[in-house]
Amino acid sequence: MRETASGLCSVATSSDALVAAAEFALGIEEIARRTRGLVATIGAMHVSPGAANVIPGEVTHTLDVRHADVRVRRQALMASGRLATQIAERRGIAARHLIDEHGGGGADAHAGDAAVDPGEEVGRR
């Protein structure tokens with residue numbers, strides 16, 4: 001986590017975790033839009049440190065991905081991991097992408113923590 005007083009760096013040079021999380025959310029929306037029957041929702045987000053004059057150093061969030069076909073759901077989850085890694089590498093931030101799968105066909109899969117060490121393999125537990 002690396003928060004910075006906002007007056008000390010410009011937006012162009014900052015590694016703002018919230019901006020990266022917003023980019024991730026828009027990317028997830030696009031993945032869901034391109035995949036028939038896929039529902040993907042970021043339902044909760046926590047920004048730290050949460051002060052108005054500090055560039056966020058860490059964001060954690062949930063991602064709920066649903067599809068009747070478990071293979072399509074898993075492909076979407078893998079795509080979300082690649083997206084998180086690409087954003088992290090481009091923005092020079094760390095990210096962690098964890099997958100916690102529940103059940104079969106219609107059950108949901110949750111992926112959390114916007115914050116993936118670039119190049120780290122997507123973990124399953």
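This report describes the fold, the two helices, the nonpolar core and a few loop residues of a predicted model.

## Overall fold

The chain contains two helices and eight strands. In sequence order these elements run β-α-β-β-β-β-α-β-β-β.

Of the chain's 125 residues, 38% count as buried. The exposed surface of the chain is about 7,100 Å², and 53% of that area comes from carbon and sulfur atoms.

## Helix 1

Helix 1 covers residues 17-34, which is 18 residues. From first C-alpha to last it reaches 26 Å, close to the 26 Å expected at 1.5 Å a residue. Asp16 caps the N-terminal end of this helix, with a side-chain oxygen 2.8 Å from the backbone nitrogen of Leu18.

The buried residues of helix 1 are Ala17, Ala20, Ala21, Phe24, Gly27, Ile28, Ile31 and Ala32. Viewed down the helix axis, the buried residues of helix 1 fall within an arc of 140°, so they line one face of the helix. An α-helix has 3.6 residues a turn, so residues three or four places apart point the same way. Leu26, Arg33 and Arg34 are exposed on the other side of helix 1. The cover over the buried residues of helix 1 includes strand 2 (39-41), strand 3 (45-48), strand 5 (58-66) and helix 2 (70-91).

## Helix 2

Helix 2 has 22 residues and spans 32 Å between its first and last C-alpha atoms, close to the 32 Å expected at 1.5 Å a residue. At its start, a side-chain oxygen of Asp69 comes to within 2.8 Å of the backbone nitrogen of Arg71. Gly92 follows helix 2 and has a positive phi, near 70°. Most residues other than glycine have a negative phi.

Buried positions in helix 2 are Val72, Arg73, Ala76, Leu77, Ala79, Ser80, Gly81, Leu83, Ala84, Thr85, Ile87 and Ala88. Arg82 also lies in helix 2, but at 49% relative accessibility Arg82 counts as partly exposed. The C-alpha atoms of Arg82 and His97 are 9.3 Å apart, and the two residues are 15 places apart in sequence.

## The nonpolar core

The largest nonpolar core has 18 residues, and Phe24, Ile28, Ile31, Leu38, Val65 and Leu83 have the most contacts inside it. Helix 1, strand 5 and helix 2 are the elements that each give two or more residues to this core. Helix 2 supplies the largest share, seven residues. In soluble globular proteins, nonpolar side chains tend to be buried together.

Leu83 illustrates the link between the helices: beyond residues up to four places away in sequence, Leu83 touches Phe24, Gly27, Ile28 and Ile31.

## Where the two helices meet: Ile28 and Ser80

Ile28 is in helix 1 and Ser80 is in helix 2. These residues are 52 places apart along the chain, yet their C-alpha atoms are separated by 6.7 Å. Ile28 counts as buried at 5% relative accessibility, and Ser80 is likewise buried, with a relative accessible area of 1%.

Outside its neighbours within four places in sequence, Ile28 is in contact with Ala40, Leu63, Ser80 and Leu83. With the same neighbours left aside, Ser80 is in contact with Phe24, Ile28, Ile31, Leu63 and His97.

## Loop residues

Gly37 sits in the loop between helix 1 and strand 2. Gly37 is exposed, with a relative accessible area of 56%, where the cut-off for exposed is over 50%. Leaving out neighbours within four places in sequence, Gly37 contacts Arg66 and His67. The C-alpha atoms of Gly37 and His67 are separated by 6.1 Å, although the residues are 30 places apart along the chain.

Pro49 belongs to the loop between strand 3 and strand 4 (54-55). Its peptide bond with Ser48 is cis, with omega about 10°. Most peptide bonds are trans.

Note on methods:
Residues numbered from 1 in each chain as written. Predicted model: local features only at pLDDT ≥ 70, side-chain atom pairs only at ≥ 80, totals over all residues. Heavy atoms only, no water. Helix = DSSP H or I, 4+ residues; strand = E, 2+ residues; numbered from the N terminus. Buried < 20%, exposed > 50% of the residue type's maximum accessible area, 1.4 Å probe, protein only. Areas by Shrake-Rupley, 256 points an atom, 1.4 Å probe, with all protein chains shown as cover. Expected span 1.5 Å × (residues − 1). Arc of directions from axis to C-beta. Contact = heavy atoms within 4.5 Å. Polar contact = N/O pair within 3.5 Å; in protein donor to acceptor, adjacent residues only side chain to side chain. Core = buried A, V, L, I, M, F, W, Y, C linked by side-chain atoms within 4.5 Å.
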